[in-house]
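Look at the sequence and the model together while you read. The paragraphs below go from single strands to sheets, then to helices and loops.

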Amino acid sequence: MPDTPGSPNPQPTGRDSVRLALRLSLVFVGVYLVLQWLDAPAQETLSYSAFKDHIAAGEITQVMLAGDQVTGERTGTKAGQGPVAFKVTLPAWEDPGLWPLLAEHEVEVRTRPAEAPMWLRVVGLALPWLLILGLVVYSTRMMQQRLGGGGLFDFSKSRARRYDKQRLHIGFEDVAGLDAAKHDLREIIDYLRDPEKFDALGAKMPRGILMMGPPGTGKTLLAKAVAGEAEVPFFSISGSEFIEMFVGVGASRVREMFKQARAEAPALVFIDEIDSVGRARGTGLGGGNDEREQTLNQILSEMDGFEPGEPVVVLAATNRPDVLDPALLRPGRFDRKVTLDLPQLAARRAILDVHTKRTPLAADVDLDRVAAQTVGFSGADIENLVNEAALHAVGRESHEVSDADFEVARDKIVLGSERQQLTDPEERRRVAWHESGHATLAFFAEHADPLSRVSIIPRGRALGVTEQLRSEDRYNFTEAYLDDQLSILLGGRAAERLVFSTLSSGAADDLRRATGLARRMVAEWGMSDALGPVSRPVSEEHPFLGREIAQSREFSEATLRSIDIEVDRRLARAEQRALAVLRAHRVQLDALAERLLRQETLHDAEIAAVLDSPEVPALANTEPATTPRGVDSRG
């Protein structure tokens, strides 16, 4: 923490250093001037006419000429008086009689360069010292900023920011959703408010609580809300702020932070992104890191050093719990794990209410529909959605945010900004039939999510988009639903083959997603009769995330080949089903594509008006004729 005016050892600031440098410079100049004055001999100032009279009287035998200044000595006029030093300023005009007069009385004339004025000599002498002192002060201030803003040797002090109830102004009512996490943390709030109640029954609160969840789910916000509800001092720091280039600095900062928290107990310590300092030791490509490991060891020892009943609780947040060192997660340190998932429908609706309090909404805005369209959005994503919608409304000079603004904002976040329209008519037709193929398959699939919108306006890297809207959040998917998803993903490619008899690279992302989904169905979810109910994941951890370079695969090459065969078979079956449906509904497919070419974007009611027909059969999950592996099914 930075030193306060009342601290026993206040650290000098950059302004104090500048003042010290100026004082030293003034003292140096003053001493120089005094010495010059003491060393200067006593001189009388003569007028020019008196100077010539003394020459004529033979009282001057030698002079020194420097510019327009003449100095020398004359014979004393009083009895017993020795030589008297004098100085004379020559007139601005040239005296033709001076040099003959000097020669006549045999006066020796010496010359030297003219001296600069005293103030100029002082400046020339002091300026280098001022520059040196300024450079020292600047370097010192840069070092202080680099090492955290304290004194030159104060960089090992804690960088934790302290908040109290006057600065937090936040509670659980300001955090929308996260009901399960709030429930898990209410015991901590009660403990910090009244630790004696728990001590009376011998109950021990967890020393550490680890909050895990994807980025943007509100881990930091929830930690502040816990401190605000408990009304205790809140020390917040990021894990990366412990680490410096000097070994031992991080450990010293950890000791200082916990010392401050104990001094103000009951208190809450929050370490954000703890995975930056708490990764598993001795793993990865580069081996260990002494500074990081010493910092981690100090955190472990400090958490072990809590006295029984000491009301200090450590909250930590990470989105990579899989890379944390096991010693952090054992009982006695981070005893409790709180998972913060992406918000569900009701939570997203509540988050929208929080972020639209100051946003005037138009009458056509349905926040329930907006919440349903934001599946997979975190709290931070929803806040960004509202802000982007407001920015778009400002851009069109509106005083309210409309439903169209939210749609544009969501497209910008999910797909990217709108790009230049396709100018090639043939390419535009291909994109229209490609997206119509996706939409036709999604409309007639029995287990698919309902269609929301189809567009051929390029956005980001996508030339078009077919959007489905889930009626509710789903976390468990049936095999029938996943089979329909495979057919929908391959519907654009199937439409291109059916209409144009050729394929394009526009289906690259569809193929990537379909292949990944089919592989997970076969290898991880046991949806293959040939392989049976066994999970055989084939992905590997990234070596730089704290795991070893390669993990042993627990199945043979023959099993891997069987997985490939099953994935190919499932994808071939999905493509055959897609082609069968599109052939059966070729009229609707062409009608939808032609409508897209004219209108560019169609919403759910407009899509249904084109595709809905009573005589159209639904997409059935029947097994087509098996396509042997290696045989091209495009013929």
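Which residue in β4 is the bridge partner of T71? The bridge partner is K87. The model is a predicted one, in which local features need pLDDT of at least 70 and side-chain atom pairs count only at pLDDT 80 or more, while totals for chains, interfaces and linings use all residues. Residues are numbered from 1 along each chain as its sequence is written, and side-chain values use heavy atoms, with hydrogens and water left out.

The protein chain has 22 helices and 14 strands. These elements are DSSP runs numbered from the N terminus, helices being H or I with at least four residues and strands being E with at least two. Of the 635 residues in the chain, 43% count as buried. Buried means under 20% relative accessible area, exposed means over 50%, and partly exposed lies in between, with a 1.4 Å probe and protein chains only. Among the contacts in the chain with a separation of 6 or more, 76% come from residues 24 or more positions apart. A contact here means heavy atoms within 4.5 Å.

Strands of a sheet pair through backbone hydrogen bonds, either parallel or antiparallel. Two strands count as paired if DSSP finds at least two bridges between them. Strand β3 (residues 69-74) is joined to strand β4 (residues 84-89) by six bridges, and the two run antiparallel. Strand β2 (residues 60-66) is also antiparallel to β3, with five bridges between them. In that pairing I60 stands opposite R74 of β3. β2 and β3 form a hairpin with two residues between them. G67, in the turn, has a positive phi of about 70°.

Another sheet involves strands further along the chain numbering. It is open, has three strands in the order β13-β12-β14, and is antiparallel in its pairing. β13 (465-468) and β14 (601-603) are at the edges and have a single partner strand each, so one side of each is left without a neighbour in the sheet. From one strand to the next the twist averages 10°. Strand β12 (residues 451-455) is linked to β14 by three bridges, and S455 is opposite T601 in β14.

Two helices lie across this sheet. Helix α16 (residues 425-444) lies across β12 and β13 and runs at about 170° to β12. Helix α22 (residues 604-611) lies across β12 and β14 and runs at about 90° to β14. For such angles, axes are lines fitted to C-alpha atoms, for helices over the stretch in contact, and the angles run from 0 to 180 degrees between N-to-C directions.

α16 also packs against helix α17 (residues 479-489), at an angle of about 155° and with the axes 8 Å apart. That makes α16 roughly antiparallel to α17. Angles under 35 degrees count as roughly parallel, over 145 as roughly antiparallel, 65 to 115 as roughly perpendicular and the rest as oblique. The contact is formed by H438, L441 and A442 of α16 with S487, I488 and L489 of α17. By class, these residues are four nonpolar, two polar and no charged. Ala, Val, Leu, Ile, Met, Phe, Trp, Tyr, Cys and Pro count as nonpolar, Asp, Glu, Lys and Arg as charged, and the others, Gly among them, as polar.

A second helix pair is α19 (residues 508-523) and α20 (residues 557-584), whose axes come within 9 Å and cross at roughly 125°. That makes α19 oblique to α20. The crossing is right-handed, a term used if the near helix is turned clockwise from the far one by less than a right angle, whereas anticlockwise is left-handed. Residues of α19 in the contact include A514, T515 and A518, and those of α20 include I563, D564 and E566. The contact of α19 with α20 has eight nonpolar, one polar and four charged residues.

Last come some single residues. E397 is in the loop between α14 (379-395) and α15 (403-414). Its phi is near 55°, a positive value in a residue other than glycine. With a relative accessible area of 71%, E397 is exposed. S501 is in the loop between α18 (491-500) and α19, and its phi, near 65°, is also positive in a residue other than glycine. S501 counts as exposed at 61% relative accessibility. E104, in helix α3 (residues 98-104), counts as exposed at 60%.
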